[in-house]
Protein chains: 2
Amino acid sequence: MKKKVSIKDIAQTVGVSTALVSYVLNNKEKEARVGKEIAQVIRDTAVEMGYQPNQIAKSLKTGKSHTFGLIVADISNPFFANLARNVEDEAKKFNYTVIFASADENAEKSQNLINILTERQVDGFIIAPAENSQEQIEALLKNNIPLVLIDRYFKGLDTNYVMTNNYEASYHAVSHLIEAGRTNIGMVAYKTDLVHMLDRKRGYLDAIKDNKLLKAKTPLIKTVDFNANQEEIGAGIRELFAQNPGMDALFFATNTLTLKGLKSLNKMQYRVPDDVAIVCFDESEAFDFFYSPLTYIEQPLLEMGKKAVQILIKNITDKKSLNTQISIPSKLIVRQSSAIVKKH
Amino acid sequence: MKKKVSIKDIAQTVGVSTALVSYVLNNKEKEARVGKEIAQVIRDTAVEMGYQPNQIAKSLKTGKSHTFGLIVADISNPFFANLARNVEDEAKKFNYTVIFASADENAEKSQNLINILTERQVDGFIIAPAENSQEQIEALLKNNIPLVLIDRYFKGLDTNYVMTNNYEASYHAVSHLIEAGRTNIGMVAYKTDLVHMLDRKRGYLDAIKDNKLLKAKTPLIKTVDFNANQEEIGAGIRELFAQNPGMDALFFATNTLTLKGLKSLNKMQYRVPDDVAIVCFDESEAFDFFYSPLTYIEQPLLEMGKKAVQILIKNITDKKSLNTQISIPSKLIVRQSSAIVKKH
DNA sequence: CTTGTTTGTTTAAACGTTTAAGCTTAAGTT
DNA sequence: AACTTAAGCTTAAACGTTTAAACAAACAAG
């Protein structure tokens, strides 16, 4: 039970050439005109000897590793963890293995991960690109490495991508707040030029503009750093309240922002939805447990994961295939945090 | 920018043999007595040509893939997602790549994943073993494949493992409930013989016994299936209440059980901690948002992840090294859900 | 100046596969 | 009988590395 058994070992014990063994074990008997009986013998000895193909050797020969990389911001963030799980499951259906990696919204780390994974000869990438990683993506494209962007994309780049309808979803969510009677709505978002975030901001702004709620002089959007902690986010919210006296609703751009924001609101003793209504992007188990269950935008993680894998594999198997760019709609889940409050 | 550049290409343009290039790029100049000037030329042309080593070829030659597999129950479960992130980071420090996979507490899936990963020639495994996967682990051991169990282990098997002190942590948590004045404490756990779960049950039972609270005739532990939904867990809790009139506290064995359990308790209109105190294993962002912030057992995920990686790598580099079996203590975070309630 | 040592470099086999091309023998076809 | 085709198998090169061993030239020492 020490040494691994190779095709050569099988060939030797059966008394044939390695070629024959390879043909049989790859179900190429027909094309290679292998004898029926000997094929069976080969198959039997293979299982008898406990043969496990060496994928590394296979990959070296064929130039395909049947592996791809999934680069996200942080695998421990439930959003990406769920996405990853869906990607994993879909990949398995096509006999692909996926290697996850976390880039922490950091271009340098991202480049590092891309290097490591290309050295490992992955057949392609699914990437939630970090800010300033545009050249990295371009380089991959130039090198003809199949690639699907997910969650975000770059305006100028013609790539495959799978997104949700960030603009419309935000527009819809904010409109919902307005319909619920809110007139002074703030937004907390990340300080970034990544398109998904810009779209969410645009959706927010347009909804306000279209409903003539915009007070031009006050900045209604507070942006914070990707790695902002609860205090910084709390400070941002405080500023929003200071700049917009009477602010009666907040729209959070992501789950992390929401969670830290809610804790700050609790500390500041704001009540939801009485003092301030809340709507946010993404899901979290915690949203169900907040005293006023949150209204949130549910992203289609299952479909996004599946689609990304399918597109990637299409691109891997047919390198000439055109780019696919899809946007899958999110769903607004309305609950108590954005309820209409009786004025008294 | 089409074809990848190989060591051969570099050798050709510099005008030396591939051996020299290999020596230089692997920093074996000293041992191989490569000329200083030519070494520099080789190094320069390598970066000029944008050389990226082919890890697949390297692996085939050296028999080491510098990769290991991490098999957990479900990567989308925050417990495993966090663990995975810590494993990822620690592995990167040693230049290892990790391949995550979810076995869904299912032995068949687990075997499947092990097969796929061994075919990919991973250098080792970190596994949170599923029930009935003992023979799989034994087989790996017999084949001399380095291996660290995490979160759970098997009583009869001499393997590396990294765990938390499930028994003591549970004992302590339940004792804490008793000290807080609770006298009729139920437990919700998974129906499994995996050691970590048995230990948590034992800790619970012993704490009760040592404090003379045990009513022998009533089964105070309700066990449910791994994939039990909220309704089933709710039904379990209902039964517990029926069998133990006056039950005034519940101990949940995992985060998932807790989340579903709390939702059921809400539905049944039990109030925490007035009607029933709660303590649970694992963390969840949601615990902070429950109206009565939960008292929970915080597992040392960072240390567990790090240790597991370190032990695995030690085992990979020195196959003769003895098994390391460590238990890292968890911490009870006491909050409102287990508070003392004034009787009236 | 032989012989030995050092320094710098190349050769070539190997890792476990795949696969085009070649080889043999048997079976059809005229 | 001579030739073609088919069936069944083997040969050998290749994928991109690593590395022990061989080689060659330069230098040192006796």
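**View 1. Composition of the protein surface near DNA strand C in the predicted model.** Twelve nonpolar, seven polar and six charged residues make up the surface near DNA strand C. Among the 25 residues around the strand, those that come nearest are Ile7(A), Ser22(A), Lys28(A), Ser17(B) and Ala32(B). Sugar or phosphate accounts for 49% of the strand C atoms within 4 Å of the protein, and bases account for the rest.

**View 2. Backbone atoms of the protein beside DNA strand C.** A polar backbone atom of Asn54(A) lies 3.2 Å from a phosphate oxygen of the strand. In chain B, a backbone N or O atom of Gly35(B) is 3.0 Å from a phosphate oxygen, while one of Lys61(B) is 3.3 Å from a base oxygen. Two or more residues of the surface near strand C come from each of α2 (18-25) and α5 of chain A, and from each of α2 (18-25) and α5 (55-62) of chain B.

**View 3. The interface of chain A and chain B.** Here 51 residues of chain A are in contact with 51 residues of chain B. The two chains bury about 4700 Å² between them, with 56% of this area on carbon and sulfur atoms. In chain A, the residues that lose the most area to chain B are Ile56(A), Arg120(A) and Phe289(A), together 17% of what that side buries.

**View 4. Salt bridges and polar contacts between chain A and chain B.** Eight salt bridges cross the interface, as do 21 residue pairs in polar contact. The side chains of Arg85(A) and Asp74(B) form a salt bridge, with an N to O distance of 2.8 Å. On the chain A side, elements giving two or more residues include α6 (78-93), β2 (97-102) and α12 (255-267). That side comprises 20 nonpolar, 18 polar and 13 charged residues.

Definitions and conventions
Residues numbered from 1 in each chain as written. Chains lettered and ligands numbered in written order. Predicted model: local features only at pLDDT ≥ 70, side-chain atom pairs only at ≥ 80, totals over all residues. Heavy atoms only, no water. Contact = heavy atoms within 4.5 Å. Buried area = accessible area lost by both parts, 1.4 Å probe. Salt bridge = Lys/Arg side-chain N within 4 Å of Asp/Glu carboxyl O. Polar contact = N/O pair within 3.5 Å; in protein donor to acceptor, adjacent residues only side chain to side chain. Helix = DSSP H or I, 4+ residues; strand = E, 2+ residues; numbered from the N terminus. Nonpolar A, V, L, I, M, F, W, Y, C, P; charged D, E, K, R; others polar. Near = heavy atom within 4 Å.
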